[in-house]
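Could you walk me through this model in my viewer, one selection at a time? I would like to know what to pick next and what I will find there.

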Amino acid sequence: MSSIMSKVLENSGGFAIVDGGLATELERHGADLNDPLWSAKCLVTSPHLVRQVHLDYLEAGADIIISASYQATIQGFRAKGLSQEESEALLRKSVEIACEARELYYENCGKASVEARHDSKILKSRPILVAASVGSYGAYLADGSEYSGNYGNTVTLDFLKDFHRRRVQVLAESGADLIAFETIPNKVEAQAYAELLEEENINIPAWFTFSSKDGENVVSGDSFPECASIAEASKKVVAVGINCTPPRFIQGLILSIKKQNTGVLDEDFVSYVKHWQKAGASLFGGCCRTTPKTISGIYRTLSEKSVSSTLTSN
Ligand code: MET
Ligand SMILES: [Zn+2]
């Protein structure tokens, strides 16, 4: 495991908390994301709101925040008329905004007042990681195929590598601590990411999270353990897990690979967290429709006298 990830896990007693939904939280605050760029639209229209939502997650106890680049692609920005340079700058901006939120958070910790503590905000100086989000090709298509994983015959391994190549390079050089490949819908895209990390000599670690709608396979029907083994075979991948998946499926999925995971949840997921921890997970967070309240619930649950669990890591 990379030293940054170990540092975060050690500091918090063997587990770390990841943020919750970003796009849906931006929407809850009034952003209109009805656009092929989805949350990436806010990088242009409301960067302050993005920064505030990152900050809300840090104050709710998240140790790792994920940038607003999930649906930010060079191809998507170019389709809106932006130049190559402007498109790359927006990718970098997504990470810069998250880094600014981290700075603001540290400043707030420094001057934390008694009121803030009463406000139940978590203002505790600790190692915080910024992960650069990479959503799937299906997310760029914005036609629901990120939840079918069915890209048709023309979308090959090489096509996917070329699609993601420049974006991954730019994000790797953006100041992020790691890359979060999220909501991966099929095996071929996982393979494309793993090969890109090698070919491009990406020098920050990555994690891979897959989405499932049946508790056994990823959304395309490819086996989750097979997808996970692609991630595990890469030296650059420090964690493999699940996101944007109903919480009732998470424990079984974790057990099916018995490695560390990021769990992702919906309405009453907090009750599941300790089960996921017992099943071997060490990273816990939310996805679409989870909020800072969800994350502070996870924080409180995991901060209670910890259950004895064996943690595994790759
Ligand atoms: C469809 S999954 C979206 C993941 C992304 N990190 C977000 O919360 O917006
Ligand atoms: Zn999601």
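Begin with helix H14 and colour what its buried residues pack against: strand E1 (16-17), helix H4 (47-59), helix H13 (273-278) and strand E8 (283-284). Keep in mind throughout that this is a predicted model. The buried residues of H14 itself are Pro292, Thr294, Ile295, Ser296, Gly297, Ile298, Tyr299 and Leu302. Now put a ruler on the helix, residues 292-303: its end C-alpha atoms are 16 Å apart, and because twelve residues at 1.5 Å a residue should span 16 Å, the two values agree.

Stay in H14 and click on Arg300, which belongs to this helix. Is Arg300 buried, exposed or partly exposed? It has 10 Å around its C-beta populated by 15 C-beta neighbours, so Arg300 counts as partly exposed. For a sense of scale, draw a C-alpha to C-alpha distance from Arg300 to Ser148: the pair is 152 residues apart in sequence and 35 Å apart in space.

Next, select helix H6, residues 84-110. Its 27 residues reach 39 Å from the first C-alpha to the last, close to the 39 Å expected at 1.5 Å a residue. Show side chains for the buried residues of H6, which are Ser87, Glu88, Leu90, Leu91, Lys93, Ser94, Val95, Ile97, Ala98, Ala101 and Tyr105. While you look along the helix, recall that an α-helix has 3.6 residues a turn, so residues three or four places apart point the same way. What covers the buried residues of H6? The cover includes helix H3 (41-45), H4, strand E2 (64-66), helix H5 (74-79), E3 and helix H9 (157-172). You have met H4 already, since the buried residues of H14 pack against H4 too.

Now centre the view on ligand 1. Around ligand 1 you will find Gly21, Leu22, Ala23, Ser39, Ile66, Tyr70, Ser133, Glu182, Thr183, Cys244, Cys287 and Cys288. Coloured by character, this shell divides into seven nonpolar, four polar and one charged.

From that shell, pick Thr183, which sits in strand E4 (residues 178-184). Thr183 counts as buried, because 28 C-beta neighbours lie inside 10 Å. Check its backbone as well: phi is near 55°, a positive value in a residue other than glycine. For background, most residues other than glycine have a negative phi.

Another positive phi is waiting at Asn201, near 50° and again in a residue other than glycine. Asn201 is placed in the loop between H10 and strand E5 (206-210). With 9 C-beta neighbours inside 10 Å, Asn201 therefore counts as exposed.

Step back into H10 (residues 187-199) and show it with helix H11 (residues 224-232): their axes come within 9 Å and cross at roughly 0°. That angle is why H10 is roughly parallel to H11. On the H10 side the contact is made by Lys187, Ala190, Gln191 and Ala194, and on the H11 side by Glu226, Cys227, Ile230 and Ala231. The residues of this contact divide into five nonpolar, one polar and two charged.

For the last stop, find Ser120 in the loop between helix H7 (114-118) and strand E3 (129-134). Ser120 counts as exposed because it has 10 C-beta neighbours inside 10 Å. Finish with one more C-alpha to C-alpha distance: Ser120 and Lys161 are 41 residues apart in sequence and 44 Å apart in space.

Notes
Residues numbered from 1 in each chain as written. Chains lettered and ligands numbered in written order. Predicted model: local features only at pLDDT ≥ 70, side-chain atom pairs only at ≥ 80, totals over all residues. Helix = DSSP H or I, 4+ residues; strand = E, 2+ residues; numbered from the N terminus. Expected span 1.5 Å × (residues − 1). Buried ≥ 20, exposed ≤ 12 C-beta atoms within 10 Å, placed from the backbone. Contact = placed C-beta atoms within 7 Å. Near = placed C-beta within 6 Å. Nonpolar A, V, L, I, M, F, W, Y, C, P; charged D, E, K, R; others polar. Axes fitted to C-alpha atoms, helices over the stretch in contact; angles between N-to-C directions. Parallel < 35°, antiparallel > 145°, perpendicular 65-115°, else oblique.
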